[in-house]
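Colleague: Please take me through the sheet in this model, strand by strand, and then place it in the rest of the chain. I would like the criteria stated along the way.

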Amino acid sequence: MKVLILAALVAVVASQAYPKPQYPKPTYPEPSYPKPAYPEPAYPKPAYPSPAYAKTPEYAPMPYNFDWAVKDDPSYNDYAHQETADDKGYVTGSYRVLLPDGRTQVVNYKADDYTGYVADVKYEGEAKEYNPAYKPAYPSPAYPSPAYPAPKYPTKY
């Protein structure tokens, strides 16, 4: 019972918030900077009018189609890209990349002025642990023994 009364007393005391202290706002003197020792430069107005650029003409989208691929087994490079666009600005395409873990990432996408860029990403194959075979570019150097004698340290202190 005593614990319950003590808990109730602590709850009542904790619920009463202390008033926030009221400190006056500090006043700082206005900074004064020395005037520069040199006169302020006066630049004349330009004697020529501001350039008026012609509006860039809007051209209709040009249809195109391209594709390319690289497959180089010694360097493990295997990737490709294919893209097609029509005369309305609608672009579709896909690209694929062989990832270091053995999977192939395939991205099919479409893009236009209304929906923007929309991509569908898929992965083919199973991921394997990536353990690159380390081959040093140069053999380890063989250092000759030093020309000075090895230091002799005392065995007892």
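Modeller: The account below starts with the sheet and then turns to the pocket and the whole chain.

This is a predicted model, in which local features need pLDDT of at least 70 and side-chain atom pairs count only at pLDDT 80 or more, while totals for chains, interfaces and linings use all residues. Residues are numbered from 1 along each chain as its sequence is written, and side-chain values use heavy atoms, with hydrogens and water left out.

The sheet is open and has five strands in the order S1-S2-S3-S4-S5, with antiparallel pairing. Strands (E, at least two residues) and helices (H or I, at least four residues) are DSSP runs, numbered from the N terminus. Two strands count as paired if DSSP finds at least two bridges between them. The edges are strand S1 (64-72) and strand S5 (116-124), each of which pairs on one side only. Neighbouring strands of this sheet are turned by 10° against each other on average, direction ignored; the axes are lines fitted to C-alpha atoms, and angles run from 0 to 180 degrees between N-to-C directions.

Starting at the S1 edge, S1 and S2 run antiparallel and are joined by nine bridges. Within this pair, Tyr64 stands opposite Ala85 in S2. The hairpin of S1 and S2 has four residues between the strands, and Tyr76 in the turn has a positive phi of about 60°.

Strand S2 (residues 77-85) then pairs with strand S3 (residues 91-98) in the antiparallel sense, over seven bridges. Here Thr84 has Thr92 in S3 as its bridge partner. Five residues lie between the strands in this hairpin, where Gly89 takes a positive phi near 90°.

S3 and S4 are again antiparallel, with eight bridges, and Tyr95 stands opposite Val107 in S4. Their hairpin has five residues between the strands, and Gly102 takes a positive phi near 95°.

At the other edge, strand S4 (residues 104-112) pairs with S5 in the antiparallel sense over nine bridges. Asn108 stands opposite Asp120 in S5, and the bridge partner of Asp112 in S5 is Gly116. Three residues make up the hairpin connection from S4 to S5.

Tyr76, from the turn between S1 and S2, also appears in the largest pocket, which holds about 380 Å³ of space. A pocket is an open set of points on a 1 Å grid over the protein atoms alone, where a 1.4 Å probe fits and protein lies on both sides within 12 Å along at least five of seven lines; lining residues have an atom within 4 Å of a point. The volume is the space filled by probe spheres set on the points, which are joined across faces, edges and corners. Of the 13 lining residues, Tyr76, Pro100, Tyr130, Asn131 and Pro132 are the closest to the pocket centre. The lining divides into seven nonpolar, two polar and four charged residues.

For the whole chain, the pattern along the sequence is α-β-β-β-β-β. The radius of gyration, taken over C-alpha atoms, is 38 Å, well over the 15 Å that the globule rule (2.2 Å times the number of residues to the power 0.38) gives for 157 residues, so the chain is more spread out than a compact globule. Along its principal axes the C-alpha trace spans about 90 × 75 × 70 Å. Residues 1-15 are 93% helix and 0% strand, with end C-alpha atoms 21 Å apart; the unreviewed UniProt entry annotates this stretch as "signal peptide".

Methods
Nonpolar A, V, L, I, M, F, W, Y, C, P; charged D, E, K, R; others polar. UniProt positions renumbered as here; feature names shortened; annotations may be inferred.
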